[in-house]
Every structure is written in structure tokens, then in C-alpha cells.
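Please open the structure in a viewer and keep the selection panel at hand. The stops below are arranged so that each selection leads to the next.

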Amino acid sequence: MGAFETLFKRPKKLKKVNGYFQMLDGYTPVFTTYDGGVYEMELTRSCIHTFATHCSKLLPTVQGADLRGIQALLDGKPNPFMTSAQFLYKVATIYEAQNTCFIAPLLDQFDRLIGYYPLQPRQVEILDIGGDPWIRYTFADGKRAAIELSLCGVVSKYLYRNDIKGESNDVLNPTMQLLSMQNQGIAEGIRNSASFRFMANVNNFVKSEDLKKERKKFVDENLGPDSGGLALFPNTYTNVQQITSTPQVVDPKQMELIQTRVYNYFGSNESVLQNKAVGDDWSAYYEGKVEPFAIQLSQAMTCMTYTGGELARRNAIVWSANRLQYMTNTDKLQVSSQMFDRGILSLNDIMDIWNLPHVPGGDKRYIRKEYTEISQLDHVDALQEELAAEKAKAAQAAQPAEDHEQNEEGEHDPERKGQAEE
């Protein structure tokens, strides 16, 4: 038994296929998912890898009653072959390289959900089975599997002509060709600059075959590995000169323009690819690239996991990241100090920002006493006035008692008493 039999159990009851499910866009719902060599170029693969790596750090949160253990499933292994981070990386890679990723549920013998698996089929068909849309996958080895479309999650981008699958990456082909030509130009320039060529006049040769033999002989004797570094030739050669070749390298501005076109298509930049983005730069990349994917993935997995009644009870799967962890240390310190004494963040929240373990009692929140609610300002002023009045009364009441004590001390002290009589 292989991976296909492990992931897709044979149905108990075969269903009749009524043909293709008719879509509103009028297109026959048959999609091929192979998309050229987007993942085969160095720069485009770097953009895809960086995006998938950041997406793999998303954390799952199950909202509502988790009666089926979805949280433990997503935290551990969503399927028998992948951990949670690997699952996210694979989904993000397929999503970015093919613009559409299908997520199939793994079911046990009682049709209970026991996992999720990202699919990369060769062909996808939407079939009409009993009036309901089913999705049938055809893999590279020819094997097929089908499941209700409502039980399958679809994450896609560039939705235009089709309601399910995103557009292809054909618009990137001109840029891909420029990248290929750029790499070939760099390799050719290096090859030409590393070669040695000579020109000379040769006398007493009439036939072209004799010239070819003489040229080969000269190369073998003077430019071969056993030449010893010294060129020797007979007096039949005259005006021997080395041909100086100037390597033609790619213009740096043209290289930058090509790279910028790739960055624009994948929504990335050089600082993100080289792991230099922190603070506002990272927040911009997260909000513009990672967060839209996290929202769509959360909604797709929520809809494929829960029934209508469970959705009405606010059950949901949410993928998110703690962006505060990617701030600079200066920004972390400022946020920690400003948010902690205002009761917004607890001590354990601060520990999460600094990637430190939680401490006992760290969920308590503290706030500075001089803060008060705006609507209670008049009440606070009245309390302060009452407190000041009480302090004044207490001071007045304490003054006669102090005078009485001083008089009693003077009566018992002979020296003070004598001084008083004098």
C-alpha cells in the first residue's frame, strides 16, 4: 500500500457521474495544474521559498468548542507525512507557484475528519454527481480520487475567468526568458574572458585543408596542457598577435530592472529575500503578502471542517502570527514598557514578544494608579477634595494633642520648668 491508498480510502459505495458540473463562467471545469518552470529559476524560487518559509511560522487557533481535537491535529501532524510547519510550507509553495492549492480532508472509515493534505494533481475536474459538485483529481501516475467540493478547501489568487482556479503564470514568461538570457550572457562572458586566441599570417599554404591542419598543430603544441607556457612556431608564421577579447557583461541597470519585475510579480523585495526586513519593513510584507494568504487559508479550512450549525456557533480555524516578535529590540522594549503598565499586555505576553518561556502568575495584568476613566474625572476630583479635607481635619485634630504632650513633658522636666519660671 502506497501514499495514495493511505490518503484516499476507497469509498464504500460508488456514485454515478452525470457529467461535468456547469459553471457560471461557461468554461468546462477541467484544469491542468502544471505551470511551466516558475519554480525552476533561481530568483523566482527564492521568492516562493521566502514566502513559504514565513507562512510556515503561522500558528493555528481553533475558536469555539474543539470537540473533535482539531487544535491538537493542527499543532502536531495534519497528515501522516507532514508536520504543521511542513503542511503550511507545502500549501504556500503550491499556492505561489501554481496560483491555486487544493486541500483535501483525510477521513477515517466512519467519514470522520482525521487530517488535511495539500494536493498537487496533474488535472482537476468538477463533476456533477447527484446534482452536487464533486472534485476529481488525476495525479501524475494516472490514479484518480474524488470528493465533494464542499469538503475540499481551495486557496487561490488571480481569480478572473474561472471561479475556482486562478490564472496561470504565463504573463511572467517574458521575464523568465529575460532571466534565462541574462544567465546565459553572464556565463558566455566568463567563458570568453577565460579563453586565449591568436591571429597570424601563414605563407606557402594554398589548400584550406592544409591551413586547418596547421592551425590544429599550432594549438596542440602551443596552447595545450603540455605546452610549458612558451609559444614556439616556425618562420612560416608572420605577424603573430593575440586577440584581446572584451567580455560583454549584463548591464547592472538591466539586471536590476529584471529583478524588480520579478519582485513586483511576487510582492517581495531584496531585503525580504535576504532576511534583512525588520520592524515596519516586515510589517508591510506581512500585511501585504502573508496576512491575505493566512486569512484565505483560515476561511477555506474553516468551511471545509465545520458544518453550517458549527459555523453559526462561531467555530473557526484561524492562522495568525505574533508580528511583535519580528520587531527590532528597541521597538520591542518600547512596546513592552508602554503596554505593560497600562494593562494591555500581561507579563506572559511580554515574554512571548522576547521569545522567553512563561512564568507562574504571568497572566495577571497591572496598571498605573494615576490613570482613570474619562467619564470618572469629576468623581475623581471630588474624591481628591474629600481626601484633602479629611487630611486637613486630621492635622487640626492632631495639633492640640501635640501641644498637650509638650506641656506635660515640661511639668515633669525640672530644667524646662525652671526655664519657664524665669
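The tour begins with the whole chain and then proceeds through a sheet, its helices, the cores and a pair of hairpins.

**The whole chain**

Begin with everything displayed, and bear in mind that this is a predicted model. The protein chain holds 14 helices and 11 strands. Of its 422 residues, 32% count as buried. The accessible surface comes to about 27,400 Å², and carbon and sulfur atoms contribute 53% of that area. Among contacts with a separation of 6 or more, 65% are between residues 24 or more positions apart.

**The three-stranded sheet**

Select β3, β4 and β8 next. These three strands form an open sheet in the order β4-β3-β8, paired in the antiparallel sense. The edges are occupied by β4 (113-119) and β8 (153-156); each has a single partner strand, so one side of each is left without a neighbour in the sheet. On average, and with direction ignored, neighbouring strands of this sheet are turned by 20 degrees against each other. To inspect one pairing in detail, display β3 (residues 100-107) with β8: four bridges join the two antiparallel strands. One position to label is Cys101, whose bridge partner in β8 is Val155.

Now add α4, which packs on the sheet and touches β3, β4 and β8. The direction of α4 makes about 145 degrees with that of β3. Add α9 as well; this helix lies across β3, β4 and β8 and runs at about 165 degrees to β8.

**Helix α9 and its partners**

Hide the strands and keep α4 (residues 84-98) with α9. Two packed helices are described by the angle between their axes and the distance between the axes. For α4 and α9, the axes come within 12 Å and cross at roughly 110 degrees. Angles of 65 to 115 degrees count as roughly perpendicular, and α4 and α9 are therefore roughly perpendicular to each other. To see the interface, show the side chains of Phe87, Leu88, Val91, Ala92, Tyr95 and Glu96 in α4, which meet Lys289, Phe293, Gln296, Leu297 and Met301 in α9.

Replace α4 with α2 (residues 42-55). The axes of α2 and α9 are 11 Å apart, and the helices pack at an angle of about 80 degrees. That angle makes α2 roughly perpendicular to α9. On the α2 side the contact is made by Thr50, Phe51, His54 and Cys55, and on the α9 side by Trp282, Tyr285, Lys289, Val290 and Phe293.

**The nonpolar cores**

Which residues of the largest nonpolar core touch the most other members? Select Ile103, Tyr116, Tyr137, Phe293, Leu297 and Met301, which hold that position among the 48 residues of this core. Helix α9 (residues 280-305) supplies the largest share of the core, with 10 residues. A second, separate core has 15 residues, including Cys47, Ala97, Tyr263 and Leu273.

Centre the view on Met301. Not counting residues up to four places away in sequence, Met301 touches Leu74, Phe87, Ile103, Tyr116, Ile317 and Trp319.

**A loop serine**

Move to Ser268, found in the loop between α7 (252-266) and α8 (270-273). Is Ser268 buried or exposed? The relative accessibility of Ser268 is 9%, so this residue counts as buried, the cut-off being under 20%. With neighbours within four places in sequence left aside, Ser268 is in contact with Cys47, Tyr263, Leu273 and Tyr285. Cys47, Tyr263 and Leu273 also belong to the second core.

**Two hairpins around β6**

Finish with β5, β6 and β7. Strand β6 (residues 132-138) has five of its seven residues buried, so this strand is largely enclosed by the rest of the structure.

On one pairing, β5 (residues 123-129) and β6 run in the antiparallel sense over seven bridges. Ile129 has Asp132 of β6 as its bridge partner. Two residues lie between the strands of this hairpin, in which Gly130 takes a positive phi near 65 degrees.

On the other pairing, five bridges join β6 to the antiparallel β7 (residues 144-148). Label Arg136, whose bridge partner in β7 is Ala146, and Tyr137, whose partner is Ala145. The hairpin of β6 and β7 has five residues between its strands, and Gly142 in the turn has a positive phi of about 90 degrees. Tyr137 leads back to the largest nonpolar core, where it is one of the residues that touch the most other members.

Methods:
Residues are numbered from 1 along each chain as its sequence is written. This is a predicted model: local features need pLDDT of at least 70, side-chain atom pairs count only at pLDDT 80 or more; totals for chains, interfaces and linings use all residues. Side-chain values use heavy atoms; hydrogens and water are left out. Buried means under 20% relative accessible area, exposed over 50%, partly exposed in between (1.4 Å probe, protein chains only). Contact means heavy atoms within 4.5 Å. Accessible areas come from the Shrake-Rupley method with a 1.4 Å probe; for residues, only the protein chains shown count as cover. Two strands pair if DSSP finds at least two bridges between them. A nonpolar core is a set of buried Ala, Val, Leu, Ile, Met, Phe, Trp, Tyr and Cys residues joined through side-chain atoms within 4.5 Å. Axes are lines fitted to C-alpha atoms, for helices over the stretch in contact, and angles run from 0 to 180 degrees between N-to-C directions. Angles under 35 degrees count as roughly parallel, over 145 as roughly antiparallel, 65 to 115 as roughly perpendicular and the rest as oblique.
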